[in-house]
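Here are a few notes to go with the model, set out as short numbered points. I hope they help as you look through it.

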Amino acid sequence: MFARTALRKAGILAARRPQHLAARVLPALRASSALALAEQRLPAERLAYAAEKLSHFDAMSFEPIKESIVSREMTTRYMTDMVDHAETDVVIIGAGSAGLSCAYELTKHPGIKVTIVEQNVAPGGGCWLGGQLFSAMVVRKPAHELLDELAVPYDDKGDYVVVKHAALFMSSVLRAALLADNTKLFNAVAVEDLLVRQEETGVRVRGVVTNWSLVTQNHDTQSCMDPQVIEAKVVVTATGHDGPMGATSAKRLEAIGALPAGLPGMHAMDMNTAEDSVLHMTTEVVPGLIFAGMEVAEVRGCNRMGPTFGAMLMSGQKAASLAIKALERDAA
C-alpha cells in the first residue's frame, strides 16, 4: 500500500490503472539504475591515469642497499645531532601547539640554536584534534595571524576562525619548524629533571636532564639507567597542564623549593578569562626558565580554556620573544 502510494506521487503509477504497474514501473527503475551507474562510472581520463600509474608501479624495482648502510645513516646523523646539541641556546620542552609555535617563531632568527625535546614518539601534543576527539580547531582572533603566516586555510566566523582539521595547523607548524637549519627535534626523549645551579643572583635553570622515554617510563622495573644533560642558555617549558606527562617543570621546581609549595594549579574552565591570562602570564618564572602554554596555568592559577587554541599559539610566540630577550640580557 505504501509503495503504491509513493509510486503514485512520483507519477509512475496511475491511481486508477493498477493493471499497468509493470509497464510503467520497470522502465522507470531501469532508467534510474542506468543513471546511478553513469554517475558512479569513472571518467575515461581518470581510468587512463590509474592504468598508467599501475603499470609504472608494477614495473618498479627499488635500488639495492645494504642493511648496515641504513643503520649507519640513522645512527651517524642522530649521534651527530646529539653531540651538536649537547650545548644549545634554547631548549623547548614539549612539542605541542605552544612549544612548536615557539620553535617556529625562533626559526626567524637563524643564529639561535633551538633544541626541541618531546617525550612522545609523535610530536603535536593534543593539537592533532579539537575538543573531545573532534576534528575542527577553533582559534580566536587575533591568533589567526599565525595561521596566515603558515598558509593554513580556515573559515572566518568574525571573532574567531575554524580550521577544518586541527592536523592542518599541526602539520604546518611542525614542518616549518623542522625545515629550519637552526632547529632539531628529539622525540621519544623525556626530560627527567632540570639542570639547576645556585649562582650569585640565586637559582638559575641552565639546561635539562634527558633520557630515552622508554627508560623513563620503566625506572621502577629495572636497575638505574642514568640520564644525560643538554646545557642551554634558556629553557622554555611547554608540557601542558597537570597530568601523567604534564606540568613537569612546575612540579619539579616546587619539589626543590624553587617555587612555593602548594602551586595554585589550573582553575575551572572560562574561555574568555583563560586565554588572556595564559598569554599575559607567559613569562620567565625563574631565571633561565620560561613557562608557556597550559603549564602557565599550573604556576599562575589560570582558568582552563578547553578546545580553543589561540592562547597556545600566541603564548608560544611570546615565549620565543622572551627567550630572545633573555639571551641578549645574558650576553650583555
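1. At what angle do helix H5 and helix H7 pack, and how far apart are their axes? Helix H5 (residues 97–106) and helix H7 (residues 166–179) pack at about 40°, with axes 8 Å apart. That makes H5 oblique to H7, oblique being any angle that is not under 35 degrees, over 145 or from 65 to 115. Helices here are DSSP runs of H or I with at least four residues, and strands are E runs of at least two.

2. A word on the source: this is a predicted model, where local features need pLDDT of at least 70, side-chain atom pairs count only at pLDDT 80 or more, and totals for chains, interfaces and linings use all residues. Residues are numbered from 1 along each chain as its sequence is written, and side-chain values use heavy atoms, leaving out hydrogens and water.

3. Helix H12 (residues 310–331) has 22 residues, which should span 32 Å at 1.5 Å a residue, and its end C-alpha atoms are indeed 32 Å apart. Its buried residues (under 20% relative accessible area, 1.4 Å probe, protein chains only) include Met-312, Leu-313, Gln-317 and Leu-327.

4. Please look at the peptide bond between Lys-141 and Pro-142: it is cis, with omega about 15°. Pro-142 lies in the loop between strand S3 (137–140) and helix H6 (144–149).

5. Ala-151 has a positive phi of about 60° without being a glycine. Ala-151 sits in the loop between H6 and strand S4 (155–156), and at 62% relative accessibility it counts as exposed, the cut-off being over 50%.

Technical notes: Axes fitted to C-alpha atoms, helices over the stretch in contact; angles between N-to-C directions. Expected span 1.5 Å × (residues − 1).
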